[in-house]
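Let's take a walk through this structure together, one region at a time. Keep the display open as you read, and pause wherever you like.

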Amino acid sequence: MKITTKINLITTAWILCVLIAVNAVVFFSFMKITVNMEDDELLQKADQLIKEINKEDSPVEMKDTFTPYLANHSFIRIMHSDSKKVIQVTNDKDLAAKVKAKSASHKETERLTIRLKKQEEQIAIVRVPIHSNGDVVGTLEFGKKLVGLELGKDVLLSILTFCTILGAVLSLLGGRWLSNLIMRPISNMINTMEDIEQSGIPKKIVIEHETKDELQKMAVTFNRMIERLEANLEKQRQFISDASHELKTPLTVIKSYADLLLRRGLQNEEVAHDAIESIHSEATRIQKMTERFLDLADTELEDLLEPKLINIGALCKNLFKQLQSAYKREIVLHYKETSISVIADELKLKQAIIILIDNAIKYSKDKIDVYLEDKEEFTIILVKDYGIGIPAGEIENIFERFYRIDKARSRETGGTGLGLSIAKNIIKQHYGEIKVKSTEGVGTEVALFLPKRKDGKELFVQ
Ligand SMILES: Nc1ncnc2c1ncn2[C@@H]1O[C@H](COP(=O)(O)OP(=O)(O)OP(=O)(O)O)[C@@H](O)[C@H]1O
Ligand SMILES: [Mg+2]
């Protein structure tokens, strides 16, 4: 069953129940109040009559006294307790004949409503005991057919039935309007999702009116998600195009040398040797590049850290020992505090430091200084070289993927232009920052800022 039909049926059924309950309360209250009012009127009249009959003696005169008190379809009777004599006046003989005279059974006034067999109308009866010198000497019985009540009841019933039907119809229409109002944005969303599913292209939902309700919030969130998806797809597209462009050059070199070998064979040993050497070096470059691609892809994913408490001084000391012997370059580590600890993913942090040291080694010839600082909010790792430096206008570009300042020079040094992008991603994963200061021909300082806490909370719960 469609959700609109469900909403419609449920609201209508609920409103119908409420209407029936309210109508029942109205109906029974009307009946009760009307009967009470009739009873009160009869009692009032009975009291007045009792006061008057005390002054009269003869039954004929008594009847004359009763007559003005008769209402339509009613009777008045006086019953003597001792003589059982009944004096009666009525304008509805039929009624008087059907309702038998009866004295008040107690000393108190009785009020009751009865319904004669096969008759629609109810009859209100009051029996008031007549007292004389503290004793009950008789009963005044007053009866009246409640003709108006039956008429009022029928009219009320028709009005209530009409109102109930009208309410149900209105609620059906209202429910339909309401469910359409709720479902329109949802149907819109479903259509957009189906479009996306069929075409495979992310698409946003068109928000027609600014309603600021939950449904609009849902559409806005959906659109934000699509925006992110589009940005990621664009990033991927860009990456594939950049990567294939980068791979094209070494592959062209390899192909041209391989062609040369095919054409000239191995006749000229010197040419063959050069060709094989170039093929080897370009293949190594491709291998390094693909490793870098994988690193980059790995660091683009968030929430993939394995954080633990690391003694950064010890980590750098070990790392630099290995790098020094591998590259034959002097790397000097400076730090004042005996133990500087950070919570980070050890492998990733090591990778980021190696990227900075690798750049310092590639783009300088002198020693390299590394400073560790333990500040209140950050732990800083600063790598300083005294090499060629970076032109001021280029600093903002060096974090872009595949960006190399001097492509020819980078080819010599074997760079892919991905190192700093990877380092930046790693530091971003740790909620940190990476800053560069450089003067061309003087040297470069690259600093990693690792925050200790974020918004007053521990960064990584171990
Ligand atoms: N310490 C530095 N001194 C001078 N130039 C630098 C330094 N670090 C980076 N650069 C410049 O910034 C560019 C981008 O650096 P990045 O580390 O991203 O790439 P790469 O070193 O060329 O290649 P990869 O690190 O991927 O092997 C480099 O090509 C280089 O021109
Ligand atoms: Mg590099």
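Before we look at the ligand, one convention helps: a residue is near a molecule if one of its heavy atoms lies within 4 Å of it. Please also keep in mind that this is a predicted model.

With that cut-off in hand, start at ligand 1. It is surrounded by 20 residues, and the closest of them are N359, D385, T416, G417 and L420. Some polar atoms here are worth finding on your screen. L420 places a polar backbone atom 2.8 Å from an oxygen atom of ligand 1. Y363 works through its side chain instead, with a polar atom there lying 3.0 Å from an oxygen atom of the ligand. For T444 the partner is a nitrogen atom of ligand 1, which lies 3.4 Å from a polar side-chain atom of this residue.

Now zoom out to the whole chain. How is the chain divided into domains? Domain 1 covers 3–153, domain 2 covers 202–299 and domain 3 covers 307–458. The residues named around the ligand, such as N359 and L420, have numbers that fall in the range of domain 3.

Next, turn to the place where domain 2 and domain 3 meet. Their centres, taken over C-alpha atoms, are 25 Å apart. Domain 2 gives 17 residues to the contact, and domain 3 gives 18 residues. Between them the two domains bury about 1600 Å², with 52% of that area on carbon and sulfur atoms.

What holds charged partners together across this interface? One salt bridge is found between domain 2 and domain 3. E246 and R404 form a salt bridge in which the closest N and O atoms are 2.9 Å apart. Five residue pairs are also in polar contact across the interface of these two domains. On the side of domain 2 that touches domain 3, the elements giving two or more residues are α5 (214–264) and α6 (269–300). The largest share, ten residues, comes from α6. Sorted by class, this side of domain 2 has five nonpolar, three polar and nine charged residues.

Finally, look at salt bridges over the model, where the count comes to 21. One to find is the pair E41 and K45, whose side chains meet at 3.8 Å, N to O. Why are these two about one helical turn apart? Because they are four residues apart in helix α1 (residues 3–53).

Note on methods:
Residues numbered from 1 in each chain as written. Chains lettered and ligands numbered in written order. Predicted model: local features only at pLDDT ≥ 70, side-chain atom pairs only at ≥ 80, totals over all residues. Heavy atoms only, no water. Domains from an automatic or database assignment. Contact = heavy atoms within 4.5 Å. Buried area = accessible area lost by both parts, 1.4 Å probe. Salt bridge = Lys/Arg side-chain N within 4 Å of Asp/Glu carboxyl O. Polar contact = N/O pair within 3.5 Å; in protein donor to acceptor, adjacent residues only side chain to side chain. Nonpolar A, V, L, I, M, F, W, Y, C, P; charged D, E, K, R; others polar.
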